[in-house]
Amino acid sequence: MTERIEQLKKDWDERSERLGATQRAVLFKRFPDWLNKSIHRRHVRFITENIAQGSGQVLDVGCGYGRLSLELAARFPSFTFQGVDLCTEFANEYERSVGRCYNGPIQDFRTDARFDFILIVTTLMYLTEKEHEEVLTRLWSMLASKGRIVCIEPASELFQLWRRLTGRESASPTGGTIHHFLRRQLEDKFSSLAGARVIASQAVNILPFFATTAVHHCVAIEKA
Ligand SMILES: C[S@@+](CC[C@H](N)C(=O)[O-])C[C@H]1O[C@@H](n2cnc3c(N)ncnc32)[C@H](O)[C@@H]1O
């Protein structure tokens, strides 16, 4: 593990200890619960609307304690889940409540398994540009034909708003810097993958219709 990833793991281990398996821990620590709940519901809606037909095998990258996998498991009891997370307490919690979890960086995750559906939610934001390319290419090779990836990441619009309101240069939940994306930039991350097609793309705004209040962008990609 590089020094950067070791530090990130330490930060997430501390955060999980402090905040537990809660939406506040994996969404926005300073947001009121009703707002995190509303963001959570919108994530779940986007994911369930864009789930691959017959998705039996799900890979949840940076799964946390299983906020989203748990929702899918409740709706689709026949699915099987594989998580990957750096944080030890979250990986253990995922194993207790959802399914197998690899406790380590996605950069090191290898498997012969094929997945029908891959979730990447607020995890690309911690990877470097070079790692985006390497990791997405590897995940793409693990995705079955007609399989889908749903990726949800922080919006650049949120970062601009944060900077204006706080004067701070980072909106990272754990210190350090993170990536923020315009919707087009997030879509473009997948454009070089063979047979990739964007099938849905949407912003999660705090205030409906006000694009400047976007907190996350969501994209769904299908493999030919
Ligand atoms: C903001 S939380 C989101 C968790 C989950 N996806 C959700 O939306 O509820 C980010 C998660 O990514 C994990 N993480 C960060 N960098 C990672 C990496 N390189 N490999 C695996 N997990 C990572 C953290 O430990 C943390 O649990």
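In which strand is the place of Ile 149? I looked this up first and found Ile 149 in strand β5, which covers residues 143–154; helices (H or I, at least four residues) and strands (E, at least two) are DSSP runs, numbered from the N terminus.

**Entry 1: what I am looking at**

I note that this is a predicted model, in which local features need pLDDT of at least 70 and side-chain atom pairs count only at pLDDT 80 or more, while totals for chains, interfaces and linings use all residues. I number residues from 1 along each chain as its sequence is written.

**Entry 2: the whole chain**

I looked up the secondary structure and found 8 helices and 7 strands in the protein chain. Along the principal axes, the C-alpha atoms fill a box of roughly 45 × 35 × 35 Å. I then checked the radius of gyration, which is taken over C-alpha atoms, against the globule rule of 2.2 Å times the number of residues to the power 0.38. The chain has 16 Å, which agrees with the value near 17 Å for a compact globule of 224 residues.

I also looked up burial, where a residue is buried if 20 or more other C-beta atoms lie within 10 Å of its own, exposed if 12 or fewer, and partly exposed in between, with C-beta atoms placed from the backbone. Buried residues make up 39% of the 224 residues. For contacts I used the rule that two residues are in contact if their C-beta atoms, placed from the backbone, lie within 7 Å. Of the contacts with a separation of 6 or more, 65% are between residues 24 or more positions apart.

**Entry 3: back to Ile 149**

Is Ile 149 buried or exposed? I found Ile 149 to be buried, because 25 other C-beta atoms lie within 10 Å. Not counting residues up to four places away in sequence, Ile 149 touches Ile 118, Ile 120, Leu 143 and Ile 221. I also looked up Ile 178, which is 29 residues from Ile 149 along the chain, and the two C-alpha atoms are separated by 21 Å.

**Entry 4: Ile 106 in a loop**

I found Ile 106 in the loop between β3 (100–103) and β4 (115–121). Ile 106 is buried, with 23 other C-beta atoms within 10 Å. Which residues is Ile 106 in contact with, leaving aside its neighbours within four places in sequence? They are Val 61, Gly 62, Val 84, Thr 123 and Val 135. For one of these, Val 61, I looked up the spacing: Val 61 and Ile 106 are 45 residues apart in sequence, and 7.0 Å apart in space from C-alpha to C-alpha.

**Entry 5: two helix pairs**

For helix pairs, axes are lines fitted to C-alpha atoms, for helices over the stretch in contact, and angles run from 0 to 180 degrees between N-to-C directions. Angles under 35 degrees count as roughly parallel, over 145 as roughly antiparallel, 65 to 115 as roughly perpendicular and the rest as oblique.

I looked up helix α3 (residues 33–49) and helix α4 (residues 67–75), whose axes come within 11 Å and cross at roughly 55°. That angle makes α3 oblique to α4. In the contact, His 40, His 43, Val 44, Ile 47 and Thr 48 of α3 meet Arg 67, Leu 68, Glu 71 and Arg 75 of α4.

The second pair is helix α1 (residues 3–19) with helix α5 (residues 88–97), whose axes are 7 Å apart at an angle of about 60°, and therefore α1 and α5 are oblique to each other. Here Asp 13, Ser 16 and Glu 17 in α1 meet Thr 88, Glu 89 and Phe 90 in α5.

**Entry 6: positive phi**

Most residues other than glycine have a negative phi. I therefore looked up two residues with a positive value, and one of them is Thr 122, with phi near 45°. Thr 122 sits in the loop between β4 and α6 (129–142), and is partly exposed, with 18 other C-beta atoms within 10 Å. Lys 146, also not a glycine, has a positive phi of about 70°. I found Lys 146 in strand β5, partly exposed with 14 other C-beta atoms within 10 Å.

**Entry 7: His 132**

Last, I placed His 132 in helix α6, where it is partly exposed, with 14 other C-beta atoms within 10 Å. His 132 touches Leu 124, Leu 127 and Lys 189, not counting residues up to four places away in sequence.
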